[in-house]
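I opened a fresh page to note what I looked up, one topic at a time. The entries below follow the order in which I checked things.

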Amino acid sequence: MKPRGRLVVFLAGGLVAAAMVVAGLLDMPPFGHYRGPYGNVINRVAVPERHATNAVVAVVIDYRGFDTLGEELILFTAVMGVTLLLRIQRGEREPPAAVRAEDHVPQLTSDAVRVGALCMIAPLVVMALYLVTHGQASPGGGFQGGAVLAAAPLMVYLAGRYVTFRALDPPKMLDLGEGLGAAGFLVMGLVGMVAGMAYLANVLPLGRTGSVLSAGTLPVINLAIGLEVGAGIVFVIYEFMEQTLLIRRR
Amino acid sequence: MALIALQAAAGVLAALLALAAVMTRDPLRQLAPFLLYNLALIILFITLQAPDVALSGIAVGLAYPFIMLFAIGKARDRER
């Protein structure tokens, strides 16, 4: 298409889109005045029904837990897809260990970055554990906690050399985390069925509101999601690192 | 009042940084405006009392630069 024709098509589409946006903006409720009924219902029932003070996690993992299960499996599939795409392919090779060690001696990371990354590792792990285990009581949950957890081993990479990071033996650790995480969520769903109720029904004792072991299945599923998300992110980045730093074209 | 001013400032900053990120063509240079844009969004979400969304923003900000840096590194490796 010629530039002029393209411009005409863009202007026509842009005008329609702009009209729709303006019409939508004019009909919006005033800022801060939420009109939806479900939010108010959830705010009222989340504590008495589920002993969860964080209504967001109560919705995501309990009331609409099935959707979240699907999301978690999408992540699982995406991680497998990346692993498949980034494997050593025909026409590529991984150099032997001796060459590898030579390759990675010159490191231009500044001391400030290395010390900063080292100081971050322990606080990141603590924050991740806090987010994962307190999802039912305060903002957080498995997805956010898992992502923060994934940042800890990446700090090991920033603070040291790639060889040090590799010594953590990511594949073995991550396979376990991915598998346990995905399976944990699925199995917790089955527990509801074993108890004679629906899949993913919240059958565990609800406990004291606000404590770590409260809200029934919520903390257990959060733990599974945290493992799955943390392991998934590190796995994807590990595969990128292998591709970038080790695998060379033949 | 101060809260509304903070919300407005974070919102305007986010819009400007988003524009800067879109206008930067080089993927490596784009990381800086993008991450600042992400930070402005996180501040906006906190001031709007949506800490859950802010935490999701932190999650993106942690994983995204690593993946981008390695992808860019591999692409440059191929060009050589």
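Before reading any accessibility value, I wrote down the cut-offs: a residue is buried under 20% relative accessible area, exposed over 50%, and partly exposed in between. I also noted that this is a predicted model.

**Entry on the salt bridge in chain B.** I looked up B:Arg29 and B:Asp26, whose side chains meet in a salt bridge at 3.7 Å, N to O. Which of the three classes does B:Asp26 fall into, with its relative accessible area of 27%? Because 27% lies between the two cut-offs, I entered B:Asp26 as partly exposed. Its partner B:Arg29 has a relative accessible area of 61%, so I entered B:Arg29 as exposed.

**Entry on the salt bridge in chain A.** Here I found A:Asp67 paired with A:Arg64, with the closest N and O atoms 3.0 Å apart. I checked both residues against the cut-offs: A:Asp67 is at 40% relative accessibility and therefore counts as partly exposed, and A:Arg64, at 49%, also lies under the 50% limit, so A:Arg64 is entered as partly exposed. The total over all chains is 2 salt bridges.

**Entry on the interface.** I then asked how many residues of chain B are in contact with chain A. I found 17 residues of chain B in contact with 26 residues of chain A. The two chains bury about 1800 Å² between them, and 73% of that area is on carbon and sulfur atoms. On the side of chain B, the residues that lose the most area to chain A are B:Asp52, B:Phe66 and B:Phe70, which together make up 35% of what that side buries. When I looked for salt bridges between chain B and chain A, the count was 0, while the rule for polar contacts finds 2 residue pairs across the interface, both at pLDDT 80 or more.

I also looked up where the chain B side comes from, and its largest share, 15 residues, belongs to helix 3 (residues 51-79) of chain B. Sorted by class, the side of chain B that touches chain A has 10 nonpolar, 3 polar and 4 charged residues.

**Entry on confidence.** Last, I checked how confident the predictor is in chain A, which averages a pLDDT of 81, with 88% of the residues scoring at least 70. Within chain A, confidence is highest in helix 1 (residues 3-26), at a mean of 93, and lowest in helix 5 (residues 97-103), at a mean of 54.

Terms used: Residues numbered from 1 in each chain as written. Chains lettered and ligands numbered in written order. Heavy atoms only, no water. Contact = heavy atoms within 4.5 Å. Buried area = accessible area lost by both parts, 1.4 Å probe. Salt bridge = Lys/Arg side-chain N within 4 Å of Asp/Glu carboxyl O. Polar contact = N/O pair within 3.5 Å; in protein donor to acceptor, adjacent residues only side chain to side chain. Helix = DSSP H or I, 4+ residues; strand = E, 2+ residues; numbered from the N terminus. Nonpolar A, V, L, I, M, F, W, Y, C, P; charged D, E, K, R; others polar. Buried < 20%, exposed > 50% of the residue type's maximum accessible area, 1.4 Å probe, protein only. pLDDT = per-residue confidence, 0-100.
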